[in-house]
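User: Please explain the terms used for this structure and show how each value follows from its definition.

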Amino acid sequence: MINMVLLMLLLASVYAIIRLDRLLTAVLLTSLFSVLVASIFMVLDAVDVAFTEAAVGAGVSTIFFLAALAIVGRQCKPTPRRKIIAPLIVVSATGCVLLYASLDMPRFGEPLAPVHQHVAPRYLNDSAAEVGPPNIVTSVLASYRGYDTFGEVGVVFTAFIGVLMLLGAGTRRTSIEPPTPTGAPKESMRKKVVLKEVADLVIAPVLIFALYVQWHGDFGPGGGFQAGVIFASGIFLYALIYGIEPAQRLLPPRRLAYFPAIGLLLYAAVGIISMLRGGNFLNYSVLVNDPLHGQHYGILAIELGVGITVAAVMINIFFSFSERSL
Amino acid sequence: MLIAALGLPLLGGVLVSMQSQSPNTRDICSLVTAVLLFLLVLGFYPSVLAGNNPTLVLAEPIAGLGLKLTVEPLGLLFATVASGLWILTTIYGVGYMRGNSESNQTRFFFCFAISIAAAIGIAFAGNLLTLFVFYEMLTLATYPLVTHKGNADARRGGRTYLGILLVTSIGFFLFATLWTYAITGTLDFREGGILSGHVGPGTAMILLTMFAFGTGKAALMPFHRWLPAAMVAPTPVSALLHAVAVVKAGVFTILKISVYIFGVDFIAETGAGTIVMWAAAFTLTAASFVALTKDNLKARLAYSTVGQLSYVIVGAMLANAAGIIGATMQIAMHAMGKITLFFCAGAIYVATHKTEISQLDGLGHKMPFTFAAFFIGSLSIIGLPPMGGAWSKWFLLMGSADAGQWVLIGLLLLSSLLNIAYLLPIVGRGFFRPLPADDAAHASANTIQEAPLNCVVPLCVTATGCVALFAFGGAIYDYLLLLFPKT
Amino acid sequence: MIEQLPAIVLLLPLLAAPICSMIHNGDYAWYLAAASCWLAAAAAVGLMAQVWGGHTISYHMGGWPPPWGIELVIDELSALVVILVTVFAALVISALRESLRPKMRKHRHSLYYAAYLLCVASLIGITVTGDAFNVFVFLEISSLSTYALIARGRDRRALIASFRYLVMGTIGATFILISIGFMYMVTGTLNMADLAERLPALSDNRVVQASFAFFTVGVALKVAIFPLHLWLPNAYAYAPKATTAFLAATATKVSLYVLIRFLFDVYGLEFSFQQMRIDLLLIPLSIAGILIASLTAIFQTDAKKLLAWSSVGQLGYMVLGVALLNTAGLTAAIAHMFNHAMIKAGLFLALAAMIYRVSSSRLDDLAGIGRQMPLTMAAFTVLGLGLIGVPLTAGFVSKWYLISGALDKGWVPLAAMLIGSSLMALIYIGKIIDVAYFKPCKPEHAEVREISPTILIPCWVFALMSIYFGIDTRLTAGVAGRVAESLLGISS
Amino acid sequence: MFTALFNYWVVIVLMMAGLYIVMASGHLVKKIIGLNIFQTSVFILFISMGKVAGGTAPILKDGISVFSNPLPHVLILTAIVVGVATTALGLAIAVRIYEEYGTVEEDDIAEMDNHDQDLDIAEYQRIESGK
């Protein structure tokens, strides 16, 4: 059984979210919820997922929510009584179907459960010989199911296009204001001296850590997606403390808007090269003469593509939101 | 050759539409097409008389169910009537349209050609699906003709026209077709029918009733409203609707379904036609009464048509050789008679711009040919010898007698009396009443005279045709016996 | 090369999308987008040529054999749907350029085209994949791009429509995710063919039954099966003009394809229809959907909303065809997917041309437009006849099969109801045509002229296709018939 | 039975709580919070089915032979990305709605839309009567 305390904490936080009308608190609780879920994932041996959930749920999503709340206000109306009934009926019905299903579910942790029988054993037993990386999640993600991951990059890219269409690229303000040559700190910034000091200390290691996660994904938990999210978080931190303009000077949105596409194209390029070399799309084994080397290069390249796209998309979206809130 | 029969009017239509700049070329084009088509249709007679049924499958939109054309005696007769009268209608139409300087003449002749193609398609349809397709094509192609004038009246009439015809055909006819297909797995027109042995009397009656009422063009009451509504159209169109293509296509459809889908024997055995027969009997009596009350000449003729059509339906439902032969003859005879009457009505309008019967006093002396032709046409419609109409009425009475329907005989005779009552007074007014005073002044100035030659010649030809058909009655009878190989 | 076609058809639009997003000149982006759509269409035809007659292609992504890797599976059904998506997408985008011009600033055009291409690519992806989870991934790409496309409508209500769709769509997608999780939980595989082998033995397992329920509800949301259709009318009505044409043609059809695939191939005929009796649910719902939607359409005063409601009704026909569970019904459903896509895309496109000229889709603003824009309105009329189901148009063929399907079951009242609903279509299409031809034109629209050929030609292509496929039905009803027989397990 | 299924039940409650927030809340941002919770709870369901009692994270190391199933991890990695993408887009639409309507409460928006429609009808009647 999963850790009882964690489960109870989850229930409590969700209950609080339902009851809360102050959205800022609700968002922070959602962030807490994500951290708790990440802990559960950790307990369940899903280290990569835990890593991602923490970075996304507690990091990126929360930042997006906060940015949105800064625009739309933090208070919401309580749900009127009469509007509770219909959702309750639907939710109870759905819940009953799920409970009904749960009666036939394999017991938790059962090693003989069907999930562990059919497809998974090949990954566990042969991936080292067929693909290479010790982190089996990376092998499956990048090679066996590399096409899914390609689609996943497509999803991120689509979200990027959508946000850009709706909110603009975050370039409006920089084009109006001439860029100040030196990052003269604003009035409010002087009060954040301590923060600034801390940030200086933290941001560089965060970015370096992101690079480490990027290249280390073969061996330990991590990979392009996590690296991209962490890299973006580092930039968020920078922007929150120094202001958006310096961040945008660092990474001009106009140029940054190219990078999601570049990452996706890099991913696809690997696949197309393998097609040109006579294999199927994303068959890394044909990239070079030795299949195992080919797998290795292929995975490195596509993970880089994933990282570039994810980081660039997250930063772009952040810029788009923050432009609107000012 | 079948392709040619169908393609020729279409091709003619296209040619006509390209000649909008030069009216003379255009009208010659129409005429040549019409004549060629008539000759082409006549060309089928040798092989049909020899007992062959030339067949052609155009396409197969639904697996096992194609757009199929077959030439058989019944359809060939209808095609002959339609294509033959088309020539006259074209000549007449040219005169009428020019005489009245109507606008959009090119569109008019284009739609005309498409309508004829559709009529030929109906005549040669090899199965119910094909029949339905061309039936709808005819509806759609005649719609712009009905609304030709483009004013509010024309639009209202057009809407009624389209509304009733589409709703009945989709609601009843298509449904019955699909049902038939579901029951029998085929829709081919076959001798002796396809339903026999597949359905009981009850279903057969429902199906036949749906087919009859679904054929809105047959103007069975209460779905006859479109016909008077379509009176807003120019007269050549009325002639086309009433005589050449539309209503004839309707009754022909019912006839064909009775003969080739149900089979005469099957209807007779099961009595499936009872409802339809009495509906038709009601229609033919009621329509004649309504016609009596109409003062507008074209409206009176329209209700006359409603009544006359029901003769055909009655004949089909009698389900015996005399009935079917009478019904088929009625198609040809009524076509010839009614087209004469409409040509006359149009000629009167072109010459005097008069539309009401009460205004016709004394015109007979000024327009002798027109009124003489009207008289001949009337006699044919009534069914008096020596006109072609006499034959069809005779066979229908025979058929009723064979079927033992004495009430029906009574109704048919009553209706004939009513025909006399509403048609002959028109001629009487023309010849035996003096011109009203204000018109007399015009007349002395010779402003009232016969309509243009283009109008008068066709109506004289059709009037002659009414007489000639009486002489050919025997030949037609022999030909129609092809339908009953056993008897 | 030829064996790479399944990947190529997908990659063409998917790779053109990021490149488009990088091109700042909207015109160049349009050329690229249109070219990639047409090439994909050509590739789709190539695929159909390969599977014609009932063959199947399997393409192993990454070279990994299924069920370990992801496989693309192409048979006649998926090839037909891919043709539907690509050809209609190509036609609509050819017209798109004109219609976008007055509305958006130029450098945003590129993004719009990119979103459009992503949508096309993801719909292809959903159709060709043989992996259950992969369906989810591409479904999300298509959903996200659709939300973005709809939100770009000129009216602010487009935003609300898009948001509602986003919420309902995400719930639907999550339901599908739950369902896939359940299937995986009891079988250990995600490959659809593999699932099909393993699921029958587990038909009494409650997890499988629940997964079936979640899947049906999730996809029904996407297909807009009554009563889960609520997002559709507003989404179609407020989306940018040409977007509606594309979405109406493809998005719901692909979802329906997914439903058919899973009901018949993955869960299996026996489980779906004999054990779970899904037909008992779908038949009444689709009938109610047809009647209510057609009735609502009749009372609309906005042409775009009218057509949107008509779409709900027409989807009802397709679902009904599936639920009838006989060859004729299933043939009708699949053929109607194609035919309706073609007809509705054409109708929305023609309507877009008119809206482009009069800046409104309200019926009273379209008064007299038939005389101002005769060619556009003529195309609209031809397509409208197809929607009603007049003979010699594509709509007739599918309705014929559907009613045959009802009669094959001996359900005469149902057949009568279908005929009745065709008459309702006659009324609501007649309403538009009547207004356009027979009402006097508004004075402020007296100067309205015919639209440029860029839109007119695609409109007429749709109209002529609607007639062509009413006569030559080898591609539509022919394929649909073969597919229906193989789905029903009838060997021909 | 109870202990073996208890965590599934908690997850089901969490999922339904998320779904409830989506449906019951009128605030668009809170709806998205609900969607987030709904999806995240589904992730727990997936990951918990991949757990093998006594297993470790699926990273090959000498001396370890029992691993948890990596496939659900891969799927959920993808699903998390999908989730954040949806969140971002949803929030972007919500922001645009706020800019257009000045509110993100469903009821208020519905009221304004009805008002819009009334205006449309009024406009229509004005034109009609003007003729």
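**Contacts, core and interface**

Analyst: Ala94(D) touches Ala68(A), Val72(A), Phe163(C), Leu28(D), Val29(D), Ile32(D) and Val104(D), leaving aside residues up to four places away in sequence. The model is predicted, with local features needing pLDDT of at least 70 and side-chain atom pairs counting only at pLDDT 80 or more, while totals for chains, interfaces and linings use all residues. Residues are numbered from 1 along each chain as its sequence is written, and chains are lettered from A and ligands numbered from 1 in the order in which they are written.

User: What makes Ala94(D) and Ala68(A) count as touching?

Analyst: Two residues are in contact if their C-beta atoms, placed from the backbone, lie within 7 Å. Ala68(A) is among the residues that Ala94(D) touches, so this pair meets that limit.

User: Why is the set with Ala94(D) called a nonpolar core?

Analyst: A nonpolar core joins buried Ala, Val, Leu, Ile, Met, Phe, Trp, Tyr and Cys residues through C-beta atoms within 7 Å. Buried means that 20 or more other C-beta atoms lie within 10 Å of a residue's own. The largest such core has 577 residues, and Ala94(D) is one of those with the most contacts inside it. Helix 14 (residues 327-358) of chain C gives the largest share of this core, 22 residues; a helix is a DSSP run of H or I with at least four residues.

User: How many residues does each chain bring to the contact between chain D and chain A?

Analyst: Chain D brings 68 residues and chain A brings 82. Helix 3 of chain D supplies the largest share of the chain D side, 22 residues.

Methods:
Helices (H or I, at least four residues) and strands (E, at least two) are DSSP runs, numbered from the N terminus. A residue is buried if 20 or more other C-beta atoms lie within 10 Å of its own, exposed if 12 or fewer, and partly exposed in between; C-beta atoms are placed from the backbone.
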